[in-house]
Amino acid sequence: MGAQTRVYKRRIKSVTATKKITRAMEMIAASRIIKAQRRVAASEPYASELTNAVRAVATGSNVKHALTTEAERPSRAAVLLIVSDRGLAGGYNSNAIKAADRLTNRLIGEGKDVVNYIVGTRGVTYYRFRERAIRESWSGFTDNPSYADAKAVAAPLIEAITADTGAENGVDELHIVYTEFISMMTQTPVDDRMLPLTLKSTAEESAGVIQDNIKRGPEVRPLFDFEPSAEQVLDALLPRYVESRVYNALLQAAASKHAATRRAMKSATDNAEDLIKSLTRLANAARQADITQEISEIVGGASALADASAGSDR
Amino acid sequence: MAELHVELVAADRKVWSGEASLVVARTTSGDIGVMPGHQPLLGVLEPGAVVIRTAGETGEGTVSAAVHGGFITFSEDKLSLVAEIAELSEDIDTDRAQRALDRAKSEADEAAERRAEVRMRAVAVR
């Protein structure tokens, strides 16, 4: 076998091995998306019931609370970035980090200090490398987050938002950056203001209220009875609300990560297939060249021998 | 008679939903019973048992559950019980809960003891 052929054979073998790995990772990711999607769906009732409750308090009472009121001069904002622990997911991590960068620049432009909270090793190393301060970080559960993980992440955030802004830890706003799972094929990084409740969502809500009113006539929204009192209900709601939002974001990020991995691994497998195909062509050509050379050597040798014996006969 | 539509929701799943004629839950300021037509309500729940008297399509009967904190919201004949952890009493293993209670008592683990007690209470009203 010629040297060239051997090189091609070796490369084909190694690409085939890589292809097997990427194909396996693709299939693992595909099976995990379904599971992750199911968990997102299962967490939805809790999140929506809590949001309804928050909405009820926000519209049904006029209590001043960190949950609903904006600080007069917000000076510090917390940003929670959710990425994954591992790469091999195409642009998943870098897209989310870019979205966080954009948000950070915007907040700084508004004259606010930004405090970083990060979930996922990828984000932590990115920030460490650029020597940016991280207030707190978590890793190890991004593939399969549990509610307890969400609680652990939410605890310091809640502490920061409830603390006085003048205090060392206090923040006025709470932002969250994660990758929203829209469908198998589409996941987009989003930044969202968790607290105080965003004007956008309240505008949507009031639009919804107006539409409801149009539908039902000019009916006054029911006045809620708070048990024990509106303040205490809000105090109890605030941490649960943050936790459920964080939990939902973690689950969506996990589902998005699996989807991104699946896509990245699928294109890696396709590339490996293309590579194997073109390498096989090259290997065949090289083998053919070897054979041709061998034949011409044999023919050349034979005719040289024939010439020599013909000479001796004479 | 009108019926309540009840949803019992935990952080990671929907535990129970159906029609009911009466729901009794314990808020921080005492037990509260909600029947159809109640004033809109939003309350903070104490860890404890919730009793749902089912009616209508769901059939007559009683469903009880252990909820560990959470909220009760009621408006327009739709009642939701939202708790981080919620278990139907029929899903609770009585022996295990009792063992957990004993263990928590001996280890003076207050949080675990409270959790186990809530479970036992939910089983008791079953």
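**Entry 1: the sheet of chain A**

In what order do the 5 strands of the open sheet in chain A lie? I looked this up first, keeping in mind that the model is predicted. I read the order as β3-β2-β1-β4-β5 of chain A, and the pairing is mixed. At the edges I found β3 (136–138) and β5 (187–195) of chain A, each of which pairs on one side only. I also noted the turn between neighbouring strands of this sheet: on average 20 degrees, with direction ignored.

Next I followed one pair in detail. Strand β2 (residues 113–119) of chain A runs parallel to β3(A), and 3 bridges join the two. For a handle on the register, I noted that A:Y117 stands opposite A:E136 in β3(A).

Then I asked myself which helix packs on this sheet. I found helix α2 (residues 92–109) of chain A, which touches β1 (76–82), β2, β4 (173–181) and β5 of chain A. Its direction makes about 155 degrees with that of β4(A).

**Entry 2: where the chains meet**

How many residues does each chain bring to the contact between A and B? I get 22 residues from chain B and 23 residues from chain A. On the chain B side, the elements that give two or more residues are β1 (4–10), β2 (13–27), β4 (41–44), β7 (71–75) and β8 (78–82). I noted that β4(B) gives the most to this side, with 4 residues. By class, I have 10 nonpolar, 8 polar and 4 charged residues on the side of chain B that touches chain A.

I was pleased to find strand pairing across the chains as well. Strand β6 (residues 225–227) of chain A pairs with β4(B) in the parallel sense, over 3 bridges. Here A:D225 stands opposite B:L41 in β4(B).

**Entry 3: the two domains of chain B**

I took the bounds from the domain assignment, which splits chain B into domain 1 (4–89) and domain 2 (93–124). Over C-alpha atoms, the centres of domain 1 and domain 2 of chain B are 22 Å apart. I find 8 residues of domain 1 of chain B in contact with 7 residues of domain 2 of chain B.

Which elements of domain 1 give two or more residues to the side that touches domain 2 of chain B? They are β5 (48–54) and β6 (61–68) of chain B. The most comes from β6(B), with 4 residues. This side of domain 1 of chain B holds 4 nonpolar and 4 polar residues, and no charged ones.

**Entry 4: β5, β6 and β9 of chain B**

I stayed with those two strands for a while. β5(B) and β6(B) run antiparallel, joined by 7 bridges. I traced one bridge from B:T54 to its partner in β6(B), B:G61. The hairpin of β5(B) and β6(B) has 6 residues between the strands, and B:G56 in this hairpin takes a positive phi near 65 degrees.

I then looked at another partner of β6(B), strand β9 (residues 85–88) of chain B, to which 4 bridges join β6(B) in the antiparallel sense. I noted B:L88 in β9(B) as the bridge partner of B:A65.

**Entry 5: the helix pair of chain B**

Are helices α1 and α2 of chain B roughly parallel or antiparallel to each other? The axes of α1 (residues 94–106) and α2 (residues 110–124) of chain B come within 8 Å and cross at roughly 150 degrees. Angles over 145 degrees count as roughly antiparallel, so α1(B) and α2(B) are roughly antiparallel to each other. I logged the crossing of α1(B) past α2(B) as left-handed.

From α1(B), the contact takes in B:T94, B:A97, B:Q98, B:A100, B:L101, B:A104 and B:K105. From α2(B) come B:A112, B:E113, B:A116, B:E117, B:R119, B:M120 and B:V123. Sorted by class, the contact of α1(B) with α2(B) has 8 nonpolar, 2 polar and 4 charged residues.

Key. Residues numbered from 1 in each chain as written. Chains lettered and ligands numbered in written order. Predicted model: local features only at pLDDT ≥ 70, side-chain atom pairs only at ≥ 80, totals over all residues. Domains from an automatic or database assignment. Contact = placed C-beta atoms within 7 Å. Nonpolar A, V, L, I, M, F, W, Y, C, P; charged D, E, K, R; others polar. Pairing = 2+ DSSP bridges. Axes fitted to C-alpha atoms, helices over the stretch in contact; angles between N-to-C directions. Parallel < 35°, antiparallel > 145°, perpendicular 65-115°, else oblique. Left-handed = near helix turned anticlockwise from the far one by under 90°.
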